[in-house]
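These are my notebook entries on one structure. I record below what I looked up, entry by entry.

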Amino acid sequence: MSAESPSRPVPGATDPGRERVAAAMTAAAAAWLCSLTSEQVTVAQHGSPLTPGAEAERLKWFYTPTDHGGLALRDQTPRQESLAMQLVASGLSEAGFATVATVMGLENILDQVEGWQVGWGRQRGRDPGLYWLRLFGRPGDPVWAWRFGGHHISLNNLIVAGRVVSTTPCFVGADPAQTALLGGSLRPLHGLEHAARQLVASLGARQRQRALLHERAVSDIVSGNRPTVAHGDTMMHMQDLWRGRFADPSLADLVDDIDRRAEEGSGYTERDHAALAISRSPKGLGARDMDADQRAGLRRLLALYTGRAPETLADAYAAHYATESVLDEVHFGWAGSTDDGEPHYYRVQGPHVLIEYDNTQRGANHAHSVWRDLTSDFGLDILAEHRARSAH
């Protein structure tokens with residue numbers, strides 16, 4: 001989070017599983033790149049993360065329906081799309097990939113919910129083809145990276161010396177968060193919500209008082225799409241979550257209106273936002289003040305986020321948080337109602353991990369979730385070490 005935050009190797013950094021995942025990513029990225037035309041390559045591939053211009057672009061990430069940078073799926077042949085999705089799958093667990101693919105498909109449902117409106121300056125307002133893939137450097141280089149993102153998805157991966165060293169920021173959202181199916185309902189992020197609600201329901205009165213961050217939920221994740229998270233950061237407003245500013249005044253007005261309605265719904269003032277600000281010392285109830293069952297619930301919640309990563313990496317994270325002293329430093333906080341279907345927000349924070357979840361917009365049927373590493377998002381600490389070693 002800051003210069004005061006101690007750096008450390010990522011969990012399982014010496015595990016050969018990180019090399020196996022990197023090898024799978026490298027093979028998938030190379031196959032996709034080889035399938036592209038020269039014109040497509042100029043859009044799909046950027047410079048190495050070791051070059052300032054490319055690195056500045058790599059650190060730009062979004063979860064709004066803006067241009068995420070790279071080659072969009074809709075601008076690829078079916079075979080190229082398949083190869084692109086194979087690269088995406090190489091960076092996720094089986095369950096993580098299924099969740100991401102489902103969220104992408106929700107664009108069709110959202111298009112119907114919004115009345116098939118043409119908007120956002122394009123022919124189709126909500127488009128499942130508008131997910132972008134971009135490589136930074138060449139697959140197999142000593143340092144290279146890749147990014148995949150579109151509305152409600154942002155995956156960021158860095159590979160150094162043949163080893164995956166970072167998989168965050170990792171954002172997954174869902175709009176609608178719940179929609180009807182024949183004989184049931186579709187809720188891609190329900191597990192994240194249910195596990196947190198179970199944990200808060202298990203707290204005693206004094207514990208719940210300490211865990212409560214605010215009686216009302218904030219209208220979005222607080223860390224936003226900042227490249228790094230710092231002490232004192234408050235919620236970013238909608239207008240700042242896009243790539244550049246809208247040239248069309250009607251689109252700028254639309255975003256202003258979305259933000260205004262979200263703020264009115266939360267009832268937050270600047271003072272309220274300050275109370276929910278990211279802080280160096282985590283807010284909420286610490287795991288050291290939870291009983292054994294509650295600690296197990298917190299571990300389950302953590303695993304639902306770190307479990308997005310390929311299984312070998314997810315196992316390393318699970319082992320990391322199985323260490324009692326490590327879990328002791330993790331805090332859990334909640335804002336808003338604990339009733340199902342009501343606006344709410346929660347945060348999990350430790351020395352290195354930040355998790356945020358909100359389901360507030362569209363009548364608490366529009367969810368956001370993010371997993372971040374406070375000391376190693378984008379692998380910035382490890383990349384800095386690599387640069388320092390290379391300089392000698």
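Is H152 buried or exposed? I found H152 buried, with a relative accessible area of 2%; buried means under 20% relative accessible area, exposed over 50%, and partly exposed in between, with a 1.4 Å probe and protein chains only.

**Basis of the entries.** I worked from a predicted model, in which local features need pLDDT of at least 70 and side-chain atom pairs count only at pLDDT 80 or more, while totals for chains, interfaces and linings use all residues. Residues are numbered from 1 along each chain as its sequence is written, and side-chain values use heavy atoms, with hydrogens and water left out.

**Backbone entries.** I placed H152 in the loop between β4 (143–150) and β5 (153–160); helices (H or I, at least four residues) and strands (E, at least two) are DSSP runs, numbered from the N terminus. The phi of H152 is near 75°, a positive value in a residue other than glycine. I noted a positive phi also for R362, near 50°. R362 belongs to helix α13 (residues 361–364), and at 38% relative accessibility I entered R362 as partly exposed. I marked these angles because most residues other than glycine have a negative phi, and most peptide bonds are trans.

I then looked up cis peptide bonds. One runs from T168 to P169, with omega near 5°, and P169 sits in the loop between β6 (163–166) and β7 (170–174). Another joins D175 and P176, with omega about 0°; I located P176 in the loop between β7 and β8 (179–181).

**D233.** Which loop holds D233? I found D233 between β10 (212–214) and α8 (249–266). I entered D233 as buried because its relative accessibility is 13%. The side chain of D233 reaches the backbone nitrogen of A230 at 2.7 Å. Leaving aside residues up to four places away in sequence, I listed V222, R226, T228, A277 and I278 as touching D233, where contact means heavy atoms within 4.5 Å.

**R372.** I located R372 in strand β15 (residues 367–373). R372 is buried, its relative accessible area being 0%. With what does the side chain of R372 make a polar contact? I found the side chain of D377 as the partner, at 2.6 Å. A polar contact is a pair of N or O atoms within 3.5 Å; within protein, one must be able to donate a hydrogen and the other to accept it, and residues adjacent in sequence count only if both atoms are side-chain atoms.

**Aromatic rings.** Rings of Phe, Tyr and Trp (its six-membered ring) pair if their centres lie within 6.5 Å, with planes under 30 degrees apart counted as stacked, over 60 as edge-to-face and the rest as tilted. By this rule I recorded nine aromatic pairs. I entered W61 and Y63 as tilted because their ring planes stand at 45°, with the centres 6.1 Å apart. Both W61 and Y63 are buried. I also noted a cluster in which ring pairs link F332, W334, Y346 and Y357.

**Helix α1 with helix α4.** I looked up the axes of α1 (residues 16–35) and α4 (residues 78–90), which come within 9 Å and cross at roughly 165°. That makes α1 roughly antiparallel to α4. Axes are lines fitted to C-alpha atoms, for helices over the stretch in contact, and angles run from 0 to 180 degrees between N-to-C directions. Angles under 35 degrees count as roughly parallel, over 145 as roughly antiparallel, 65 to 115 as roughly perpendicular and the rest as oblique. I listed residues of α1 including V21, M25 and W32, which meet residues of α4 including L83 and L87.

**Helix α10 with helix α11.** How far apart are the axes of α10 (residues 292–306) and α11 (residues 311–322)? I found 9 Å, with packing at an angle of about 155°. I therefore entered α10 and α11 as roughly antiparallel to each other. R299, L302 and T306 of α10 make the contact with A314, Y317, Y321 and A322 of α11.

**S281.** I placed S281 in the loop between α9 (270–275) and β11 (285–286). At 57% relative accessibility, S281 counts as exposed. S281 and G350 lie 69 residues apart in sequence, and I noted a C-alpha to C-alpha distance of 8.6 Å.
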